[in-house]
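Work through these exercises with the sequence and the model side by side. Try each task before you read its solution.

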Amino acid sequence: MTDGQKRIERSGTVRIGDRTVHRMSFGAMRLADKEIWGPPADRENSIRVARRAVDLGIDHIDTADSYAFGVTEEILREALHPYPDDLLIATKAGQTQVRPGEWAPVGRPSYLRQQCEASLRRLRVERIGLFYLHRVDPQVPFDDQLGAMKELQEEGKIAHFGLSSVTVEQIEQARRVIDVAAVQNIFNVAARMGEDVLDHCEQERIPFVAWFPILSGGLAAPEGVVAEVAAELDSTPAQVALAWLLARSDVLCPIPGTSSIAHLEENVAASSLRLSDDHLARLAALRLPEDQLAQLAAVGSARE
Ligand SMILES: NC(=O)c1ccc[n+]([C@@H]2O[C@H](COP(=O)([O-])OP(=O)(O)OC[C@H]3O[C@@H](n4cnc5c(N)ncnc54)[C@H](OP(=O)(O)O)[C@@H]3O)[C@@H](O)[C@H]2O)c1
């Protein structure tokens with residue numbers, strides 16, 4: 001076992017359906033270009049980052065059909081196919097990117113089915129390990145969106161189903177139709193919206209996958225309480241943000257995204273960082289200003 005693999009062991013594990021994965025996971029969105037709109041400037045670099053993630057013991061990688069129109073799925077295939085048996089690749093359908101930075105839900109069953117087929121081909125798999133409904137589309141009855149996912153599961157095209165950016169009520173409505181193997185919501189130490197969803201997942205033992213775990217890079221800033229704690233622990237602010245998430249709940253999996261091998265190694269190393277009660281108390285006081293929280297809530301809205 002390499003040092004990186006030993007470190008990731010310390011993040012603990014969760015069960016996603018019939019799979020056990022390390023809680024410290026990897027978000028592949030940043031393997032595309034900066035706007036998540038096209039291929040990265042340096043494709044070889046993105047391939048190296050994906051391979052390094054697996055070398056470091058990452059066994060749960062998150063992506064989506066809409067990240068640069070499938071570019072990140074293609075890069076994962078190029079980097080990692082044939083995939084290691086223990087690697088869970090999660091992808092999503094149900095959200096499109098209309099213009100760079102402008103996202104819209106599309107939950108029509110025919111569209112979800114088409115996108116599932118496209119992801120199967122891009123990833124070159126016969127079954128998707130974990131397939132999320134990326135957003136609940138308010139224009140389509142929720143049960144129709146869930147029914148489409150249930151059909152894909154019954155046909156063997158997806159192994160497990162997950163929900164992204166949802167409320168407790170939506171999780172419980174979904175569970176009446178289909179097993180929910182994971183929930184993926186926006187969550188980090190400075191933007192702890194939807195803590196009721198995390199608490200519910202903890203109670204129901206549903207893995208909670210936290211997106212924007214380092215606030216899209218914002219928590220890596222060299223000033224503020226996160227940076228102060230990092231300096232005391234001889235670590236980095238991004239590591240403190242990730243360690244806080246791991247400490248927050250044993251069902252929580254952070255999926256930090258990066259296009260940098262150095263950042264990836266740093267993020268995985270956060271698996272073994274432990275925060276004291278004093279650090280946790282100081283970090284608990286951190287909260288983004290209301291206008292920024294409102295902006296983030298709109299991006300990660302569970303009630304669109
Ligand atoms: N379900 C959803 O609706 C949804 C929405 C958005 C994202 N996601 C998922 O969540 C994952 C994470 O989201 P994200 O990538 O937007 O946010 P993030 O993980 O909070 O932050 C990523 C940003 O932080 C920087 N970064 C990463 N590690 C760093 C480090 N150690 N030090 C300094 N900077 C660092 C990265 O830049 P560098 O490339 O320079 O490292 C990147 O710009 C995505 O990859 C995607 O899989 C899901």
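**Exercise 1. Find which residues the UniProt domain annotation covers, then describe that stretch.**

Step 1. The unreviewed UniProt entry carries the annotation "domain: NADP-dependent oxidoreductase", which covers residues 23–286.
Step 2. This is a predicted model. Over residues 23–286 the chain is 40% helix and 17% strand.
Step 3. Now take the ends of residues 23–286: their C-alpha atoms are 23 Å apart.

**Exercise 2. Trace the strand order of the open sheet and explain what happens at its edges.**

Step 1. The sheet has 8 strands, with parallel pairing. Read across, the order is β3-β4-β5-β8-β9-β10-β11-β12.
Step 2. β3 (26–27) and β12 (252–254) stand at the edges. Each has a single partner strand, so one side of each lacks a neighbour in the sheet.
Step 3. Helix α7 (residues 195–204) packs on the sheet. α7 touches β10 (182–186), β11 (208–211) and β12. The direction of α7 makes about 160 degrees with that of β10.

**Exercise 3. Examine the pairing of β8 with β9.**

Step 1. Locate β8 at residues 128–133 and β9 at residues 158–164.
Step 2. The two strands pair in the parallel sense over 5 bridges.
Step 3. Pick out L133: its bridge partner in β9 is L163.

**Exercise 4. Describe the shell around the ligand.**

Step 1. There are 27 residues around the ligand. G27, M29, G217, A220 and G257 come nearest.
Step 2. Sort the shell by class: 11 nonpolar, 13 polar and 3 charged.
Step 3. Which helix gives the most to the shell? Helix α10 (residues 261–269) does, with 3 residues.

Terms used:
Residues are numbered from 1 along each chain as its sequence is written. This is a predicted model: local features need pLDDT of at least 70, side-chain atom pairs count only at pLDDT 80 or more; totals for chains, interfaces and linings use all residues. Two strands pair if DSSP finds at least two bridges between them. Helices (H or I, at least four residues) and strands (E, at least two) are DSSP runs, numbered from the N terminus. Two residues are in contact if their C-beta atoms, placed from the backbone, lie within 7 Å. Axes are lines fitted to C-alpha atoms, for helices over the stretch in contact, and angles run from 0 to 180 degrees between N-to-C directions. A residue is near a molecule or strand if its C-beta atom, placed from the backbone, lies within 6 Å of it. Ala, Val, Leu, Ile, Met, Phe, Trp, Tyr, Cys and Pro count as nonpolar, Asp, Glu, Lys and Arg as charged, and the others, Gly among them, as polar. UniProt positions are given in the numbering used here, feature names are shortened, and annotations may be inferred rather than shown by experiment.
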